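The briefing below goes through one protein chain topic by topic, starting with strand pairing and ending with the side-chain contacts. Please keep the sequence and the model open while reading.

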Amino acid sequence: MRRGVYIALAAVILAFAGMLIYRALSSSLVYFILPSEYAKSPQQYDDRRLRLGGIVEAGSVDFDTEDLRLTFHVTDSVVTYPVRHFGAPPELFQENTGVVVEGHFEDGVFVSDNLLVKHSEVYQAPEPGEPVNVEALKESLQ
């Protein structure tokens with residue numbers, strides 16, 4: 001009889017611990033998707049935090065320096081979505097550059113609170129005594 005109580009108590013504790021782990025993982029998971037993946041079933045991502053990856057569409061960037069509001073379109077060459085971001089963009093942010101924005105969709109607009117710019121992993125250090133060419137460095141990062 002006593003053994004059965006211990007087994008039942010252990011099962012309850014394990015179930016509670018499992019529920020806590022599940023809730024912690026659920027709230028910290030962020031799905032990475034492309035615009036065309038989102039377009040296939042947007043209801044699947046309702047109320048979820050997402051990372052949307054794609055290319056910044058040329059001619060779509062607008063940055064208001066007074067209230068730090070950045071708007072642009074992100075595309076995967078199949079589907080395009082407008083993005084609204086608050087805050088200064090990273091220095092490497094520009095048109096036709098790969099970006100990953102983190103946030104959620106609101107009425108067809110992706111509202112971002114984190115903007116990451118993809119860049120090359122290739123870096124060549126300047127020769128000793130040679131000044132750093134900032135423009136060449138930026139080009140190498142694209």
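Strand 2 and strand 6 run antiparallel and are joined by six bridges, with G53 standing opposite V100 in strand 6. The model in which this pairing appears is a predicted one. Its chain has 142 residues, of which 26% count as buried, and its secondary structure comes to three helices and seven strands.

**Strand 2 and its partners**

- Besides its pairing with strand 6, strand 2 pairs with strand 1 in the parallel sense, over three bridges, and within this pairing I33 has L52 in strand 2 as its bridge partner.
- Between these two parallel strands the chain passes from strand 1 through helix 2 to strand 2, in a β-α-β crossover that is right-handed.
- Strand 2 also pairs with strand 4 (residues 69-75), here in the antiparallel sense and over two bridges, and the bridge partner of I55 in strand 4 is T75.
- Strand 2 is mostly covered, since five of its seven residues are buried.
- Where the reader follows side chains along these strands, a general point may help: in a regular strand the side chains alternate between the two faces of the sheet.

**Order of the elements**

- Read from the N terminus on, the elements follow the order α-β-α-β-β-β-β-β-β-α.
- Helix 1 spans residues 2-28 and strand 1 spans residues 31-33, with L29 in the loop between them.
- Helix 2 (35-40) and strand 2 (50-56) are likewise separated by a loop, and R49 lies in it.

**Salt bridges**

- How many salt bridges does the structure hold? There are five of them, and as a general matter side chains of opposite charge can pair when their charged atoms come close.
- One of these salt bridges brings together the side chains of D113 and R49, at 2.7 Å from N to O. This pair links distant parts of the chain, 64 residues apart, with D113 in strand 7 (residues 109-117) and R49 in the loop that precedes strand 2.
- R49 has a relative accessibility of 33% and therefore counts as partly exposed.
- R49 and D113 also belong to a network of salt bridges in which R51 and E102 are linked with them.
- E106 and R84 form another salt bridge, their closest N and O atoms being 3.5 Å apart. Here too the pair links distant parts of the chain, with E106 in strand 6 (residues 98-106) and R84 in strand 5 (residues 80-86), 22 residues apart.
- E106 counts as partly exposed because its relative accessibility is 37%, and R84, with a relative accessible area of 26%, is partly exposed as well.
- R69 forms a salt bridge with D67, and the closest N and O atoms of this pair are 3.5 Å apart.
- R69 is partly exposed at 35% relative accessibility, and D67 is likewise partly exposed, at 39%.

**Nonpolar surface patch**

- I21, L25, L29 and Y31 make a nonpolar surface patch of about 390 Å².
- Is L29, one of the residues of this patch, buried, partly exposed or exposed? L29 counts as partly exposed, because its relative accessibility is 48% and exposed residues would need over 50%.

**Buried residues with polar contacts**

- S112 has its place in strand 7, and its relative accessible area of 4% makes it a buried residue.
- The side chain of S112 is joined to that of H85 by a polar contact of 3.0 Å.
- T97 is found in the loop between strand 5 and strand 6, and at 10% relative accessibility T97 counts as buried, because the cut-off for burial is under 20%.
- From this loop position the side chain of T97 reaches the backbone oxygen of Q94 at 3.2 Å.

How values were computed
Residues are numbered from 1 along each chain as its sequence is written. This is a predicted model: local features need pLDDT of at least 70, side-chain atom pairs count only at pLDDT 80 or more; totals for chains, interfaces and linings use all residues. Side-chain values use heavy atoms; hydrogens and water are left out. A salt bridge is a side-chain nitrogen of Lys or Arg within 4 Å of a carboxyl oxygen of Asp or Glu. Helices (H or I, at least four residues) and strands (E, at least two) are DSSP runs, numbered from the N terminus. Buried means under 20% relative accessible area, exposed over 50%, partly exposed in between (1.4 Å probe, protein chains only). Patches are made of residues with over 30% relative accessible area and no salt bridge: like charges are joined within 9 Å, nonpolar side chains (Val, Leu, Ile, Met, Phe, Trp, Tyr) within 5 Å. Accessible areas come from the Shrake-Rupley method with a 1.4 Å probe; for residues, only the protein chains shown count as cover. Two strands pair if DSSP finds at least two bridges between them. A crossover is right-handed if, with the strands pointing away from the viewer, the path from the first strand over the helix to the second runs clockwise. A polar contact is a pair of N or O atoms within 3.5 Å; within protein, one must be able to donate a hydrogen and the other to accept it, and residues adjacent in sequence count only if both atoms are side-chain atoms.
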